[in-house]
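Visitor: I would like to go through this structure with you, question by question. Could we put it in front of us and begin?

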Amino acid sequence: MNSWSEEQRRTLEELYRRLDARAVATAEGRDWWPCRKGCDHCCRHLADPLPITALEWEVLWEGFLRLPPEIQAEVRAHVEELRRSGARRPYTCPFLDREVGACRVYAHRPMACRSYGFAVSRGQGLWCHFLIEKLQEHGEGEIVWSNQDALEETLARLAGPPVTFFEWFAAHPE
Ligand code: SF4
Ligand code: SF4
């Protein structure tokens, strides 16, 4: 199923590329930069079920479908467990490999995961306290390079309304 034009998909991928390039450039030369495989605090402390735009879900779903069947079953079971428990916050993302602290759909992850730690939203910082502590330790102050509200507005125009993983998985049963 693909209800999106190639242009919309290309635009989203370009946005992802820009965010990733910015993150890589920011970490470059800072061997103390804390975002890396194994640091999974952000993925273990999500607020309400992440609202992800519909086009982003299609991309994420492609990543999900590439996982081995037993891992897909594990992710589905975690989603179901969250649904039953009411996804009390903070909750752990069902796409996280909890043993190694790595995202199982890293290349397909949504914008919120790519900008987290650097973006600021009206009235609230969305940065990570590990990053802030490290920046202070190294006398660098704050690094904020994205306006989260603008990113979300761009996505809403480009990629449709947000969908939660409960709705998405319910619409795509095994
Ligand atoms: S945003 Fe924070 S918790 Fe997440 S990987 Fe980076 S340093 Fe770790
Ligand atoms: S999709 Fe991946 S990067 Fe995003 S919160 Fe889940 S595990 Fe973390």
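**Ligand shells, aromatic pairs and cores**

Visitor: Which residues surround ligand 1, and how do they divide into nonpolar, polar and charged?
Guide: This is a predicted model, and in it ligand 1 is surrounded by Pro-34, Cys-35, Cys-39, His-41, Cys-42, Tyr-116, Cys-128 and Phe-130. Sorted by character, the shell around ligand 1 comes to seven nonpolar, one polar and no charged.

Visitor: Which residues surround ligand 2, and how does that shell divide?
Guide: Around ligand 2 stand Cys-43, Cys-93, Phe-95, Leu-96, Cys-103 and Cys-113. The division of the shell around ligand 2 is six nonpolar, no polar and no charged.

Visitor: What kind of aromatic pair do Trp-57 and Phe-95 form?
Guide: The model holds 12 aromatic pairs by the rule applied here. For Trp-57 and Phe-95 the distance is 6.2 Å centre to centre, with 55 degrees between the planes. Planes under 30 degrees apart would count as stacked and those over 60 as edge-to-face, so an angle that fits neither class leaves the remaining one; the pair of Trp-57 and Phe-95 is tilted.

Visitor: How many residues apart in sequence are the parts that this pair of Trp-57 and Phe-95 ties together?
Guide: Trp-57 belongs to helix α3 (residues 54–65), whereas Phe-95 sits in the loop between α4 (69–85) and β2 (96–97). Because the two residues lie in these separate places, the pair ties together parts whose distance in sequence is 38 residues.

Visitor: Are Trp-57 and Phe-95 buried or exposed?
Guide: The relative accessible area is 0% for Trp-57 and 5% for Phe-95. Since buried means under 20% relative accessible area, Trp-57 is buried, and Phe-95 is likewise buried.

Visitor: What kind of pair do the rings of Trp-61 and Phe-64 make?
Guide: Both residues lie in helix α3, three residues apart, which is about one turn of the helix. Trp-61 is buried at a relative accessible area of 10%, and Phe-64 is buried at 0%. Their ring centres are 4.6 Å apart and their planes stand at 25 degrees, so the pair is stacked.

Visitor: Which residues form one aromatic cluster with Trp-57 and Phe-95?
Guide: The cluster that holds Trp-57 and Phe-95 also takes in the two residues of the stacked pair, Trp-61 and Phe-64. Its other members are Trp-168 and Phe-169.

Visitor: Which helix gives the largest share of the largest nonpolar core?
Guide: This core has 34 residues, and Leu-12, Trp-57, Phe-64, Val-75, Phe-95, Phe-165 and Phe-169 touch the most other members. At least two residues each come from α1, α3, α4, α7 (148–159) and α8 (165–171). The largest share, seven residues, comes from α3.

Visitor: Which residues is Val-75 in contact with, leaving aside its neighbours within four places in sequence?
Guide: Val-75 is among the core residues that touch the most other members. With neighbours within four places in sequence left aside, Val-75 is in contact with Phe-64, Leu-67, Pro-94, Phe-95 and Phe-169.

Visitor: How far apart in space are Trp-33 and Leu-135, C-alpha to C-alpha?
Guide: Trp-33 is found in the loop between α1 (6–27) and α2 (41–44), and at 4% relative accessibility Trp-33 counts as buried. Leu-135 is included in a second, separate core of five residues. Although their positions lie 102 residues apart in sequence terms, the C-alpha to C-alpha distance of Trp-33 and Leu-135 is 8.6 Å.

Technical notes: Residues numbered from 1 in each chain as written. Chains lettered and ligands numbered in written order. Predicted model: local features only at pLDDT ≥ 70, side-chain atom pairs only at ≥ 80, totals over all residues. Heavy atoms only, no water. Near = heavy atom within 4 Å. Nonpolar A, V, L, I, M, F, W, Y, C, P; charged D, E, K, R; others polar. Phe/Tyr/Trp six-rings, centres within 6.5 Å; stacked < 30°, edge-to-face > 60°. Helix = DSSP H or I, 4+ residues; strand = E, 2+ residues; numbered from the N terminus. Buried < 20%, exposed > 50% of the residue type's maximum accessible area, 1.4 Å probe, protein only. Core = buried A, V, L, I, M, F, W, Y, C linked by side-chain atoms within 4.5 Å. Contact = heavy atoms within 4.5 Å.
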